[in-house]
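Reader: I'm new to this structure and would love a close look at one part of it. Please start with the sulfur link and then lead me on from there.

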Amino acid sequence: MSFNFPNHDTESAPKDALPALTEAERHFGMLPNLMRKMATAPTLLKGYLALGELFEQTSFSPAEQQVVLLSVSRENRCDYCMGAHSVLAD
């Protein structure tokens with residue numbers, strides 16, 4: 001089974017996703033494609049961003065957080081995620 005979710009922006013996203021999309025764009029300085037796709041399900045996007053905020057509050061340094069996220073991405077064979085976290089780790 002394959003799904004092709006759209007890359008939403010603030011014009012096309014469901015209205016319930018707009019606050020989370022706006023916050024994601026403010027936080028990252030751009031709107032990552034993963035979050036644009038997650039906007040299809042606003043609660044998913046909100047949950048993903050909330051989990052990210054919690055992870056940022058851990059005792060791991062930002063570099064260590066990226067190592068953890070790269071490791072998880074590698075284990076899950078997510079090439080998209082590997083690319084994104086490699087850029088952030090630099």
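Author: Happy to! By the rule that a disulfide is a pair of cysteine sulfur atoms within 2.5 Å, the count comes to one disulfide. Keep in mind that this is a predicted model, where local features need pLDDT of at least 70, side-chain atom pairs count only at pLDDT 80 or more, and totals for chains, interfaces and linings use all residues. Residues are numbered from 1 along each chain as its sequence is written, and side-chain values use heavy atoms, with hydrogens and water left out.

The disulfide joins Cys78 and Cys81, whose sulfur atoms are 2.4 Å apart. Turn the model to look along the S-S bond: the angle about it is 60 degrees, and the link of Cys78 and Cys81 is right-handed. Burial here is judged by relative accessible area (buried under 20%, exposed over 50%, partly exposed in between, with a 1.4 Å probe and protein chains only). Cys78 has 21%, so it is partly exposed. Cys81 has 19% and therefore counts as buried.

Now find Arg77. This residue sits in the loop between helix H4 (62-75) and helix H5 (79-89); helices here are DSSP runs of H or I with at least four residues, numbered from the N terminus. Arg77 counts as exposed because its relative accessibility is 72%. Its phi is near 55 degrees, a positive value in a residue other than glycine.

From there, move to helix H3. H3 has 15 residues (42-56), which should span 21 Å at 1.5 Å a residue, and its end C-alpha atoms are indeed 21 Å apart; the expected span is 1.5 Å times one less than the number of residues. Its buried residues are Pro42, Leu45 and Leu49. Pro42, Leu45 and Leu49 cover an arc of only 65 degrees around the axis, so they lie on the same side of H3; the arc is taken from the directions from the axis to the C-beta atoms. An α-helix has 3.6 residues a turn, so residues three or four places apart point the same way. The buried residues of H3 pack against helix H1 (18-28) and helix H2 (33-38), where contact means heavy atoms within 4.5 Å. On the other side of H3, Thr43, Leu51 and Leu54 are exposed.

Technical notes: Helices (H or I, at least four residues) and strands (E, at least two) are DSSP runs, numbered from the N terminus.
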